[in-house]
Amino acid sequence: MSRNVGAFSYTSISSITLPASLKKIGQYTFAGCDKLQEIRSYAQTPPTLSDEISSEVTVYVPSGCIPAYKADSNWKTAKDILEISE
C-alpha cells in the first residue's frame with residue numbers, strides 16, 4: 001500500500017505549536033495523525049493549508065484571529081477554534 005507522506009503524517013503527535021512566521025503548511029502534513037488533538041497557531045493570518053484540519057482537532061489562535069480561521073475553508077473544519085490564553 002502506498003501512502004502520501006507529509007512532515008508529520010502517520011506519527012503519534014497529540015499537539016503541535018506553529019510559529020507566527022509560518023505562511024504555508026504542505027500537503028499531507030497531518031495525514032493519519034489520529035492522536036492529534038490540538039494545534040496552537042501563533043500566526044495572525046491563517047497559514048495556507050493544502051488539506052482540511054481534522055474535525056477532532058481544537059485549534060488555538062491569537063486574540064482577534066478566530067474569524068479569519070473560521071472563514072478559511074481548510075481551518076474551519078476543526079472541532080473548535082479558540083483564542084490562546086496565556
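Where is the place of Thr-45? Thr-45 sits in the loop between β3 and β4 (48-49). Let us start our walk there, keeping in mind that this is a predicted model. With a relative accessible area of 59%, Thr-45 is exposed, because exposed means over 50%. Compare its position with that of Asp-80: the two are 35 residues apart in sequence, and their C-alpha atoms are 17 Å apart in space.

From this loop we can step into the strands. Begin with β1 (15-18). This strand has two faces: Ile-16 and Leu-18 make up the covered one, while Ser-15 and Thr-17 make up the uncovered one. β1 pairs with β3 in the parallel sense, over four bridges. If you look for Thr-17, you will find that its bridge partner in β3 is Arg-40.

Strand β3 covers residues 38-41, and it also pairs with β5, again in the parallel sense, over three bridges. Here Glu-38 stands opposite Thr-58 in β5. Now follow β5 (58-61) to its pairing with strand β6 (residues 80-83): these two run parallel and are joined by four bridges. Thr-58 turns up once more, standing opposite Asp-80 in β6. To get from β5 to β6, the chain passes through helix α1 (residues 66-71), and this β-α-β crossover is right-handed.

Which way do the residues of β5 point? Thr-58 and Tyr-60 point one way, Val-59 and Val-61 point the other way, and all of them are buried.

That brings us to the interior. In soluble globular proteins, nonpolar side chains tend to be buried together. In this model, the largest nonpolar core has 18 residues. The members that touch the most others are Phe-30, Leu-36, Ile-39, Ile-53, Val-59, Tyr-69 and Trp-75. The elements that contribute two or more residues to this core are β1 and β5.

Take Ile-39 as an example of how such a residue is surrounded. Setting aside neighbours within four places in sequence, Ile-39 is in contact with Ile-16, Leu-18, Phe-30, Ile-53, Val-57, Thr-58, Val-59, Tyr-60 and Trp-75. Try picking out Ile-16 and Leu-18 from that list, since they form the covered face of β1.

Next, look at a polar residue, Ser-41, which is found in strand β3. Is Ser-41 buried or exposed? Ser-41 counts as buried because its relative accessibility is 0%. Its side chain has polar partners: it reaches the backbone nitrogen of Ala-43 at 3.4 Å, and a polar contact of 2.7 Å joins it to the side chain of Tyr-69. Not counting residues up to four places away in sequence, Ser-41 touches Leu-18, Pro-47, Tyr-60, Val-61, Pro-62, Tyr-69 and Ile-84.

Tyr-69 leads us on to the aromatic rings. How many aromatic pairs does the structure hold? There are two. One is formed by Phe-8 and Phe-30, and it is stacked, with 6.2 Å from centre to centre and 10° between the planes. Phe-8 lies in the segment before β1 and Phe-30 in the loop between β2 (24-25) and β3, so this pair ties together parts that are 22 residues apart in sequence. Phe-8 counts as partly exposed, at 33% relative accessibility, whereas Phe-30 counts as buried, at 16%. In the pair of Tyr-69 and Trp-75, the ring centres are 5.2 Å apart and the planes stand at 75°, so this pair is edge-to-face. Both Tyr-69 and Trp-75 are buried.

Let us finish in the loop between β2 and β3, where Cys-33 has its place. Cys-33 is buried, with a relative accessible area of 9%. Its C-alpha atom is separated by 5.6 Å from that of Thr-11, though the two residues are 22 residues apart along the chain. Leaving out neighbours within four places in sequence, Cys-33 is in contact with Phe-8, Ser-9, Tyr-10, Thr-11 and Ile-13. Thr-29 lies in the loop between β2 and β3 too, and it is buried, with a relative accessible area of 8%. With neighbours within four places in sequence left aside, the contacts of Thr-29 are Gly-6, Ala-7, Phe-8, Ser-9 and Asp-51.

Note on methods. Residues numbered from 1 in each chain as written. Predicted model: local features only at pLDDT ≥ 70, side-chain atom pairs only at ≥ 80, totals over all residues. Heavy atoms only, no water. Core = buried A, V, L, I, M, F, W, Y, C linked by side-chain atoms within 4.5 Å. Buried < 20%, exposed > 50% of the residue type's maximum accessible area, 1.4 Å probe, protein only. Contact = heavy atoms within 4.5 Å. Pairing = 2+ DSSP bridges. Right-handed = clockwise from strand over helix to strand, strands pointing away. Polar contact = N/O pair within 3.5 Å; in protein donor to acceptor, adjacent residues only side chain to side chain. Phe/Tyr/Trp six-rings, centres within 6.5 Å; stacked < 30°, edge-to-face > 60°.
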